[in-house]
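Colleague: I should like a close look at one part of this model and at its surroundings. Please set out the local picture first and then follow the connections outward.

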Amino acid sequence: LVCFGCTDRDDSVTMANIRVRNVSTINFDSVQVGTEDKIHENVAPDAFSGYLEYETAYAYDYIKITSGEEGVFILQPFDFVGATPLTPGFYTYELNVLETGEVQLEFVID
């Protein structure tokens, strides 16, 4: 089988596209990734949000999770010194909230 003119979904992408996967046991009402005013909404346990485009994002970023029944959980990096911004493409932040309230982030290249 030969494919002429085939394109990959990354071919026309100009920004980092990030989605959230909820690997915790609680529902995420909203998830803010980074400092941009973009919110991933209503991500159930073991579900994915849709992709949102980010001008600047990192493999490890600020995360604010709001869950109505559980409260607010934050992952706050101290600095990005030496960190390289993500190139245009598709990425998933797998997020877990531990019983201690700590947020864990697993970065995945899609």
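In which element does N42 lie? What can be said of the backbone there, and of the loop between strand 3 and strand 4?

Modeller: The model is a predicted one, and what follows describes that prediction. N42 lies in strand 3, which spans residues 39–43. The phi angle of N42 is near 50°, a positive value in a residue other than glycine. Most residues other than glycine have a negative phi. With a relative accessibility of 58%, N42 counts as exposed, because the threshold for that class is over 50%.

The loop between strand 3 and strand 4 contains D46, another residue that has a positive phi, of about 65°, although it is not a glycine. D46 counts as exposed, at 54% relative accessibility. A47 is placed in this loop too, which leads to strand 4 at residues 52–54. The relative accessible area of A47 is 22%, so this residue is partly exposed. Once residues up to four places away in sequence are set aside, A47 touches V20, R21 and N22. A47 and E94 are 47 residues apart in sequence, and their C-alpha atoms are 9.9 Å apart in space.

The salt bridges extend this picture. Side chains of opposite charge can pair when their charged atoms come close. The whole structure holds 3 salt bridges by this search. R21 forms one with D46, and the closest N and O atoms of the pair are 2.6 Å apart. Because R21 belongs to strand 1 and D46 to the loop between strand 3 and strand 4, this pair ties together parts that are 25 residues apart in sequence. R21 is partly exposed, at 22% relative accessibility. R21 also forms a salt bridge with E94, with 3.4 Å between the closest N and O atoms. That pair links distant parts of the chain, since R21 is in strand 1 and E94 is in strand 7, 73 residues apart. Through shared partners, the salt bridges join R21, D46 and E94 into one network. The loop residue D46 is thus connected by way of R21 to E94.

A further salt bridge joins D110 and R19, whose closest N and O atoms are 3.4 Å apart. D110 is in the segment after strand 8 and R19 in strand 1, so that distant parts of the chain, 91 residues apart, are linked. D110 is partly exposed, at 31% relative accessibility. There is also a charge placed over a ring: the charged end of K38 sits over the ring of Y54, 5.7 Å from the ring centre.

Strand 7, which carries E94, also takes part in ring pairs. A search of the whole structure gives 3 aromatic pairs. Y91 and F107 form a stacked pair, with 5.4 Å from centre to centre and 25° between the planes. Y91 lies in strand 7 and F107 in strand 8, so the pair ties together parts that are 16 residues apart in sequence. Y91 is buried, with a relative accessible area of 6%, whereas F107 is partly exposed at 26%. The rings of Y93 and F107 have centres 6.1 Å apart and planes at 65°, so this pair is edge-to-face. Y93 in strand 7 and F107 in strand 8 tie together parts that are 14 residues apart in sequence. Ring pairs thereby link Y91, Y93 and F107 into a cluster. Y93 is buried, with a relative accessible area of 0%.

Y93 leads on to the nonpolar core. In soluble globular proteins, nonpolar side chains tend to be buried together. The largest nonpolar core has 21 residues, of which I63, I65, Y93 and L95 touch the most other members. Strands 1, 2, 5, 6, 7 and 8 are the elements that give two or more residues to this core. Strand 7 supplies the largest share, 4 residues. Apart from neighbours within four places in sequence, I63 is in contact with residues including V31, V33, F73, L75, Y93, L95, V103 and L105.

To return to the request, N42 is an exposed residue of strand 3 with a positive phi. In the loop that follows strand 3, D46 is held in the salt-bridge network with R21 and E94.

Conventions:
Residues are numbered from 1 along each chain as its sequence is written. This is a predicted model: local features need pLDDT of at least 70, side-chain atom pairs count only at pLDDT 80 or more; totals for chains, interfaces and linings use all residues. Side-chain values use heavy atoms; hydrogens and water are left out. Buried means under 20% relative accessible area, exposed over 50%, partly exposed in between (1.4 Å probe, protein chains only). Contact means heavy atoms within 4.5 Å. A nonpolar core is a set of buried Ala, Val, Leu, Ile, Met, Phe, Trp, Tyr and Cys residues joined through side-chain atoms within 4.5 Å. Rings of Phe, Tyr and Trp (its six-membered ring) pair if their centres lie within 6.5 Å; planes under 30 degrees apart count as stacked, over 60 as edge-to-face and the rest as tilted. A charge sits over a ring if NZ of Lys or CZ of Arg is within 6 Å of the ring centre and within 35 degrees of the ring normal. A salt bridge is a side-chain nitrogen of Lys or Arg within 4 Å of a carboxyl oxygen of Asp or Glu.
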